[in-house]
Structures are given as C-alpha cells and as structure tokens.
Amino acid sequence: MNSEEIRVLVVDDHPMWRDAVARDLEEAGMNVVGTAGDGAKVLRIAPAARPTVAVVDLNLPDTTGVDLTAALDALEEPPHVLILSASGAGEDVLAAVKAGATGYLVKSAGREELLEAVRRVHAGEAVYTPGLAGLVLGEYRRLSTHTSRSSSAEEGDGAPELTPRETEVLRLVAKGLAYKQIAQRLSISHRTVQNHVQNTLTKLHLHNRVELVRYAIDQGLDD
C-alpha cells in the first residue's frame with residue numbers, strides 16, 4: 001500500500017502526544033492533513049482536509065471520542081476512525097465501535113503497532129489491541145443471538161446474493177483474519193481480497209468492515 005494515499009487527521013488534546021503521533025506518521029510517509037485538540041476544530045477542518053483516517057482520543061475538552069466518531073461518520077466523505085486511548089475498558093471499546101470506529105488501540109501500543117493499525121484501518125480492516133477483538137466479537141454474537149429471529153422475519157427471501165468467493169472471504173473476515181492472512185489462505189492477492197470485500201459491502205449496503213463482521217455473524221458465518 002502506498003503510504004502517501006493515507007491522509008490522517010490526528011485528534012488529541014495533549015499537544016506533546018498529538019505532535020509525537022503526527023511525527024511518527026509523517027516519518028512513515030503518511031500525509032498528516034491536520035491536527036486538532038478538540039471536536040469543534042475537527043468538524044471545522046475535516047470536510048476540506050478529507051482525511052481517510054482520523055486517529056481520535058476518547059477524552060476531548062468539548063466532546064467525547066465516541067460522539068466525535070459518530071459525527072465524523074455522518075460527513076459526506078467520512079474517514080475511518082481509529083480510537084487511540086489510554087482506556088482499555090470494555091464499555092469504552094464497545095461504545096466506540098458501535099459509534100462507527102473501525103479500530104481501537106490503547107496508547108501503550110508501540111510505534112510500529114500504531115503505524116500498522118493506521119494502514120489497516122485505512123484499508124477498512126477492523127483493528128483492535130490484542131485482547132479486545134474477542135470482546136467486540138463476543139458482543140456482536142450476543143446482539144446477533146438477540147435479534148436474529150426478528151431480522152430473519154423482516155428480511156424474508158430478499159437477502160442479496162453473494163458469489164461463492166465473496167461468501168468465502170466474508171466467512172474469513174468474520175473469523176477476524178486480516179486481509180493479508182485471507183489472501184494467503186486463499187492463494188489470492190491482497191488487492192483481490194479488498195475487491196471482494198468492497199463488492200460485498202456494496203451489495204449489502206454496508207459502510208465498513210465493522211458492519212460487515214456484524215452481518216457475517218448474523219448469518220452464522222463465523223462458525
């Protein structure tokens with residue numbers, strides 16, 4: 001992936017931390033299109049800056065990272081959101097993901113872990129600090145169990161038809177595999193995996209990998 005394609009907006013109210021993250025991203029060849037210490041500035045500059053990824057802290061002086069994530073998701077060109085927070089509490093993680101965050105990383109993560117997370121979130125992959133992915137998938141399964149009967153009754157036979165390969169890729173996405181791992185498992189290119197995922201998102205009228213995982217679990221494809 002060409003790092004220059006990745007346009008990042010860094011949001012944190014601590015200037016030293018914000019500047020350090022921005023510097024690490026720039027040194028890795030990514031394009032930092034803006035930095036902000038509060039939600040108001042983010043929403044003011046994001047439409048013109050057009051970031052593909054927003055790295056957002058949970059605690060901001062005028063809003064929360066969860067509310068800001070939801071606001072960014074409502075933009076005409078919404079960026080993928082990677083929450084970068086000191087908190088690894090389950091309720092914070094789930095609230096962020098439900099608001100539309102594509103990834104969640106705790107601030108104890110190393111530099112390379114952050115850079116890889118930004119690259120993967122830019123590609124639409126769900127990325128979590130080790131130990132948090134199981135929490136999110138567990139919540140999806142709980143919600144799916146609760147809603148599966150009513151959803152089936154409402155959808156009837158009108159579910160979109162996926163190709164066998166799209167279904168195969170979707171099944172591996174639901175199991176939490178990264179695109180690179182799926183490509184290796186199926187002996188296809190990383191770009192082909194991305195194309196299958198994008199086609200599936202379009203057919204299902206979904207917006208990101210987080211919603212795709214939820215759909216796959218609803219369909220029992222994670223078994």
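Me: How many helices and strands does the chain have?
Reply: There are 10 helices and six strands in the chain. Keep in mind that this is a predicted model.

Me: What makes the six strands an open sheet rather than separate pieces?
Reply: Two strands pair if there are at least two bridges between them. Here the six strands line up in the order 2-1-3-4-5-6, with parallel pairing. The ends of that row are strand 2 (31–36) and strand 6, the edge strands, and each of them pairs on one side only.

Me: How do you know that strand 3 and strand 4 pair?
Reply: Count the bridges: four of them join strand 3 to strand 4, and the two run parallel. The cut-off is at least two bridges, so they count as paired. If you want a spot to look at, Val-53 stands opposite His-80 in strand 4.

Me: What about strand 5, which strands does it pair with?
Reply: With strand 4 (residues 80–85) it makes four bridges in the parallel sense, and Ile-83 stands opposite Tyr-104 in strand 5. Strand 5 is also joined to strand 6 (residues 127–128) by two bridges, again parallel. At least two bridges are needed, so two bridges are enough to call that a pair. There, Gly-103 stands opposite Val-127 in strand 6.

Me: And which hand does the crossover from strand 5 to strand 6 have, left or right?
Reply: That β-α-β crossover, which goes through helix 5 (residues 111–122), is left-handed. Strand 4, helix 4 (residues 90–99) and strand 5, on the other hand, make a right-handed β-α-β unit. Right-handed means that, with the strands pointing away from you, the path from the first strand over the helix to the second runs clockwise.

Me: How do you know that both faces of strand 5 are covered?
Reply: Side chains in a regular strand alternate between the two faces of the sheet. In strand 5 (residues 103–106), Gly-103 and Leu-105 are on one side, Tyr-104 and Val-106 are on the other, and all of them are buried.

Me: Why is Asp-12 called buried?
Reply: Buried means under 20% relative accessible area. Asp-12 has 3% relative accessibility, so it counts as buried. Asp-12 sits in the loop between strand 1 and helix 1 (15–27). Among the residues it touches are Trp-17, Arg-18, Asp-57 and Lys-107.

Me: What makes the pairing of the Asp-12 and Lys-107 side chains a polar contact?
Reply: The two side chains are joined at 2.8 Å. The cut-off is within 3.5 Å for a pair of N or O atoms, so the distance fits. The side chain of Asp-12 also has a polar atom 2.8 Å from the backbone nitrogen of His-14.

Me: How do you know that the buried residues of helix 2 line one face?
Reply: The buried ones are Gly-39, Val-42, Ala-46 and Ala-49. Looking down the axis of helix 2, they fall within an arc of 90°, so they line one face. That side packs against strand 1, strand 2 and helix 3. On the face turned away from it you find the exposed residues Arg-44 and Ala-48.

Me: What caps the N-terminal end of helix 2?
Reply: Asp-38 does, with a side-chain oxygen 3.2 Å from the backbone nitrogen of Ala-40. That value is within 3.5 Å, so it passes the distance cut-off for a polar contact. After helix 2 comes Arg-50, with a positive phi near 50°.

Me: Which residues of helix 3 are buried, and what puts them on the same side?
Reply: In helix 3 (residues 65–73) they are Gly-65, Leu-68, Thr-69 and Leu-72. Their arc around the axis is only 105°, which puts them on the same side of helix 3. Their cover includes strand 1 (7–11), helix 2 (39–49), strand 3 (53–56), strand 4 and helix 4.

Me: Last one: why is Ala-174 called buried?
Reply: Set 1% relative accessibility against the cut-off of under 20%, and Ala-174 counts as buried. Its place is in helix 7 (residues 164–174). Ala-174 is 40 residues from Arg-214 in sequence, yet their C-alpha atoms are 7.9 Å apart in space.

Definitions and conventions: Residues numbered from 1 in each chain as written. Predicted model: local features only at pLDDT ≥ 70, side-chain atom pairs only at ≥ 80, totals over all residues. Heavy atoms only, no water. Buried < 20%, exposed > 50% of the residue type's maximum accessible area, 1.4 Å probe, protein only. Arc of directions from axis to C-beta. Contact = heavy atoms within 4.5 Å. Polar contact = N/O pair within 3.5 Å; in protein donor to acceptor, adjacent residues only side chain to side chain. Lists of a residue's contacts leave out its neighbours within four places in sequence.
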